[in-house]
Amino acid sequence: MKQIVNQNNCAPQTSRAWAEISREALVHNVRYLQSLLPGRCALMPVVKANAYGHGGSLIARELNALGIYSFCVACISEGIELRQQGITGEILILGYTHPDQFPLLTQYGLTQTVVDFAHARELSAYVCSGSQKLTDLCSLPVHIAVDTGMHRLGEPAAHIEQIRDMFSLPGLQVTGMYTHLAASDTLDEASKGFTRQQIDTFYRLAAELENRGVPRPRLHLQASYGILHYPLKDVDYARPGIALYGLLSCGADTKRYQDRLRPVLSLRARVASIHQLTPGESAGYGMAYTADRPTAIAAITIGYADGLPRSLSAGKGSVLLHGQKVPIVGRICMDQLLADITSLPQVQPGDTATLIGNDGLQTISAAELADACGTITNELLSCLGSRLERVLTP
Ligand SMILES: *Cc1c(COP(=O)(O)O)cnc(C)c1O
């Protein structure tokens, strides 16, 4: 994927469809999130899924430049990609890694999550088998995942013996221990009670391990909503994903934080061609749109293969052109879409269209698009395609 650093804040003239990544917004969000955390707590930004569509190595490189040297990714291939792009610091794989891929952990200097006790034993057996090269590190850094109620990954917190034993397995260097909150985004009483119980369970485990003489690992448990809703004193890392990108999962939450978080990504494409329709003529696949008046239709160079949800078809979604909002008409295609530009006779082929972001006084936010599609911003952004260019703006 091409990553163009663009100094003058205008799109490269050749792009078909691109994501503009605002460095200024990213820096602002980093500082804001840091201000909510205790002094010794470091951000461990989550840059999985291509940094939620923003460009994994582009975002990680900017964060490295801000003095951030801890990252989370979902899987080993994402960790390898960051290393190959020169990203330094600790890279924690949050997900499962198959034993056949363990050699890559040492080769690329990655930190693996121990997803449960069986996984810990496999990791330990691998290091002790001597199958790794003599030049490799003799112990593998890991973070232990603890299940406190999410029931996805992690050794159940009640299994104190097994968790303690993981700390003394040969070949493993346990540098961290963490859990994941399942309901920290909603603030009804049931969710608050459940989350507080998860937090208590985690700290009770940490204290119990300390009582048993286990050296205290670095602790972390908050993702974006955890940082915002559950401030904690005794944490070493926080793992923000969506908030780092200036959004929260839904429109209402994003709006509530709009003075504090700034959206990092804008999504843009171009007008390719314009057609004049007479009443009764249809446009696009399946004749799904028919003009009921003389209508100008613009073909725009972005489609669902770029991650723009097809469910925004037929007037549900809009495009900004020349500072005005115009409707998407007909069915969104794989690589293109159609917009009704009858109200904008000044539109020309080559003009820039905005799918997410600002144009003049108009804005389309990723959060309102996600709401319109019945999903969350996390899904919408992480589905943005590899075909889009990522352009860093100041
Ligand atoms: C994805 C993920 C995060 C980041 O979540 P956000 O809600 O985007 O902040 C943090 N921790 C874990 C374990 C995750 O899987």
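Helix H7 (residues 160-167) and helix H8 (residues 189-211) have axes that come within 11 Å and cross at roughly 60°. This is a predicted model, by the way. That angle falls outside the 65 to 115 degrees that would count as roughly perpendicular, so H7 and H8 are oblique to each other. As for handedness, H7 passes H8 in a right-handed crossing.

Who does the touching? On the H7 side there are Ile160, Ile163, Arg164 and Phe167, and they meet Leu205, Glu208 and Leu209 of H8. Sorted by class, that contact has 5 nonpolar and 2 charged residues, with no polar ones.

Now for the core. The largest nonpolar core has 117 residues, and Met177, Ile300, Val319 and Leu321 have the most contacts inside it. H8 turns up again here: it gives the most to this core, with 6 residues. A second, separate core has 8 residues, including Ala283, Ala291, Ala299 and Leu338. In soluble globular proteins, nonpolar side chains tend to be buried together.

Let's zoom in on valine 319. Once neighbours within four places in sequence are set aside, valine 319 is in contact with a list of residues, among them Ile300, Val326, Ile328, Leu337 and Leu355. Gln324, Lys325 and Thr354 are on that list too.

Finally, a couple of backbone oddities: alanine 49 has a positive phi without being a glycine, and so does methionine 287.

| Residue | Phi | Location | Relative accessibility |
|---|---|---|---|
| Alanine 49 | near 50° | helix H2 (residues 48-52) | 30%, partly exposed |
| Methionine 287 | about 50° | loop between strand E13 (282-283) and strand E14 (289-290) | 61%, exposed |

Note on methods
Residues are numbered from 1 along each chain as its sequence is written. This is a predicted model: local features need pLDDT of at least 70, side-chain atom pairs count only at pLDDT 80 or more; totals for chains, interfaces and linings use all residues. Side-chain values use heavy atoms; hydrogens and water are left out. Axes are lines fitted to C-alpha atoms, for helices over the stretch in contact, and angles run from 0 to 180 degrees between N-to-C directions. Helices (H or I, at least four residues) and strands (E, at least two) are DSSP runs, numbered from the N terminus. Angles under 35 degrees count as roughly parallel, over 145 as roughly antiparallel, 65 to 115 as roughly perpendicular and the rest as oblique. A crossing is left-handed if the near helix is turned anticlockwise from the far one by less than a right angle, and right-handed if clockwise. Contact means heavy atoms within 4.5 Å. Ala, Val, Leu, Ile, Met, Phe, Trp, Tyr, Cys and Pro count as nonpolar, Asp, Glu, Lys and Arg as charged, and the others, Gly among them, as polar. A nonpolar core is a set of buried Ala, Val, Leu, Ile, Met, Phe, Trp, Tyr and Cys residues joined through side-chain atoms within 4.5 Å. Buried means under 20% relative accessible area, exposed over 50%, partly exposed in between (1.4 Å probe, protein chains only).
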